[in-house]
Structure formats: structure tokens, C-alpha cells
Amino acid sequence: MRFSEVIGQQEIKSILLSQVNSGRLPHALLLSGDTGSGTLALALALATYVLCADKQEGDICGHCPSCVKMNKLIHPDLHLSFPIIKKSSGITTSDTYLKEWLTQLQSEQYFDLNDWLRIIGTENKQAIIPDDEADNIIRKLSLSSYEGGWKVMVIWLPEKMNASAANTLLKTLEEPSPKTLFILCTEHPEQILDTILSRTQRIDVPPLSVEELSLALIERRGLDRDTAVSVARVSGGSWLKALKQLCDADDSKTMLQSFMQLMRLAYMRDLAALMRWSEQMASLGREQQKAYLAYMQNMLRENFIYNFGRSELNFMTPQEKDFAYKFARFINERNIIQFTEEFAHAQRDVVGNVNGKTIFFNLALRTIILLRS
């Protein structure tokens, strides 16, 4: 992948290029950014540049044997690690799902964990990077480079690595063999063990600007300027969210419907209906539950801001704005902090495998109270 194919992020590209060309590339980089900001795309572009045999000013040559192999993602010195669902028996590593992973990367480098779990058909399970995978990483990097140059290990979502796997990987991460590069792409650095963080150089990848997103929508999706800007403004700096608005609007509508249902039923204090809502939410997979709760937290923020009449600060679809027109007044300075804390607490409980019905019914009860604040 070329740096020119990565959407926006010119400052980050310049930093990475400078590190390579000055010989100051650290052995372990942590690219930290929200979903859709482009951390994985940047990692693949950096890996391609590092392995390129005829680097140009600012990008790869695109024609050397290394670039040809990287374009097909078959370079023997590129290694990829990512969250998986552990099989009930036998050793399970990223290699188990490598065919599906490479197919996804060839199609689109901007995707999230929910997308990945749908691809491998395991939406109702929690993905991890297990002990088997840590051993697999060490084994691969203990071998000599196939082409006599760099070995690159890209780890997507290292926060999904369990503590045992992380500890297994520590020594290799701290003292890799010469010309070994780790590139870790994280969305939640706070969930990574401190011992892992301390062995990497962190680069924060910011959300994409409205201008960067709108330009990409015009060039890559053929949108007119006004439509592109409109989509970009409600995408929160995420190319993934922009794409989902165009291609997967049903998911957003479903989450909005669930949010509206919760708020209306809580306002009416309809406990029986709220119990049914809780059961419906509990029936979703864990990753889906987290996605819904993240969406709802964002909706709370947008409705609170709506009260100030500053449209330039709001990032909502027309359907979300229609609901906010009457609902926003119920999210105010008296309850916004508590609302945010309650939804964040529910999200933590989902991660901690607390019973789903308990999580969502408790959240519904707290919503009844807070709406009357």
C-alpha cells in the first residue's frame, strides 16, 4: 500500500517517512487512533515503504519485487497478527484466519472489529489475541529474513491481547533481532498493559478533518461537493463511519431506533416494555452491544450540544436531528455527566462479561431517573 492511498494524515505520514529516511525508526511503534482514522492503513503503508528496495521521495517505487509482493500481501517478511476466536480444540492463531484477513485487506483497509467478526461469522463471541498467537509471533520473528532485509510484524488491536500473551511477548518486543519492526495499531491504548506501552514509541493518529473526508468521498466515491461535506460532518473524523453512512445505513438506523425506544419507554416508565428492550439488547453479541452503547453515548453528547443552538458543533444525520428537535431538552447540564457515566459503566460491564439482561435493565432504570432530573 502506498502512503498516497492513505486518506489524509499528512503530518503522520511525514513523521513516519522522516523516521525511516533518517535511520531513526524505532523497533516498535504504537499507532493510536479512533476507528476509521487510518492506523492500519498507515501501518501497511509504512511496512511497504520499509520493505521497498527502491524508495522514492515520499513514497514507494511500486515496481520492485518487494512492492509487487506487498501489493498482493504475499511478502514473506510481512507478518500480520489480529484478534481471533479461539477454536475449541487445537492451536488457534492468526494463521487460522489468514485467508479471510488477506481478502479483507485487499478489499478495504478501513474496518472495525465488528466488521471482522462478521466476516469470520463469530459476531456473538469475544475476539482475543491468545497465548498461541504470542508464541506464533515469537516463532516467526526468530527466523531470518527471507529476503535479507527487514522483518515487519503488524499487530492490529493489541488491546485484545490477554495478559499471559502480552507477558510472553515482552522480551521479544523489548529486544527484537536486528531489522525487526513492530507496528501496533490500537484504538484503546489505555487497555494495553503498561509493560507493552513502555516498549513502544506512541504516535497519536488524529481523526480525519471534514476537508480530508469530503475530498476522499469526492475522489473515491464520486459524491458531489455538498453531499460529501454533509456526510463528512457527521462522520466524526472516521472514514469507516463515512462509508457506513453510504453503504450500511440500516445499522445506524437500527441503533437510532433502539436509542429512541429506550428514551421513550423510560420517559413513560413502562417497565414491562423496558424489560423486553433489555432482553433484546442482551441477545446481541458482545461486540454489537459495545457498538450500540458507544453510539448511544455519542447521541447523548449530540443532544446535549443541540440545546446550545450551535449547528456547527453538531454532527447528526437528518433522522437524528428530527428526534433531537423534541428530545434534546431532556439531556441537560443537570444529568449529562451522570448519563455519560451510566452508559460508560454499562460498556465496562459488557467488556467484563456481566449478565446482559442485568446490564441493560439497570441502565433502563437509571435512565428513568435521570430523564426526570
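**Figure 1. Overview of the chain, a predicted model.** The chain holds 17 helices and 5 strands, where helices (H or I, at least four residues) and strands (E, at least two) are DSSP runs numbered from the N terminus. Its C-alpha atoms fill a box of roughly 70 × 50 × 35 Å along the principal axes. The radius of gyration is 22 Å, which agrees with the value near 21 Å for a compact globule of 373 residues; the radius is taken over C-alpha atoms, and the globule rule is 2.2 Å times the number of residues to the power 0.38. Of the 373 residues, 51% count as buried (under 20% relative accessible area, with exposed over 50% and partly exposed in between; 1.4 Å probe, protein chains only). Among contacts (heavy atoms within 4.5 Å) with a separation of 6 or more, 74% are between residues 24 or more positions apart.

**Figure 2. Strand 4 and its cover.** Strand 4 spans residues 180–186, and 7 of its 7 residues are buried, so the strand is largely enclosed by the rest of the structure. On one side lie T180, F182, L184 and T186, and on the other L181, I183 and C185; all are buried, and both faces are thus covered.

**Figure 3. Pairing partners of strand 4.** Two strands pair if DSSP finds at least two bridges between them. Strand 1 (residues 28–32) pairs with strand 4 in the parallel sense over 5 bridges. Strand 3 (residues 151–156) also runs parallel to strand 4, joined to it by 6 bridges. Which residues stand opposite I183? L29 does, and so does V154.

**Figure 4. The β-α-β unit of strand 3, helix 7 and strand 4.** Helix 7 covers residues 163–174, and together with strands 3 and 4 makes a right-handed unit. Right-handed means that, with the strands pointing away from the viewer, the path from the first strand over the helix to the second runs clockwise.

**Figure 5. Surroundings of Q19 in helix 1.** Helix 1 spans residues 10–21 and includes Q19. Q19 is buried, with a relative accessible area of 7%. Leaving aside neighbours within four places in sequence, Q19 is in contact with R24, L25, P26, L29, Q201 and I203. L29, one of these, is also the residue opposite I183 in strand 4. The side chains of Q19 and Q201 make a polar contact at 2.6 Å (a pair of N or O atoms within 3.5 Å; within protein, one must be able to donate a hydrogen and the other to accept it, and residues adjacent in sequence count only if both atoms are side-chain atoms).

**Notes.** Residues are numbered from 1 along each chain as its sequence is written, and side-chain values use heavy atoms, with hydrogens and water left out. In this predicted model local features need pLDDT of at least 70 and side-chain atom pairs count only at pLDDT 80 or more, while totals for chains, interfaces and linings use all residues.
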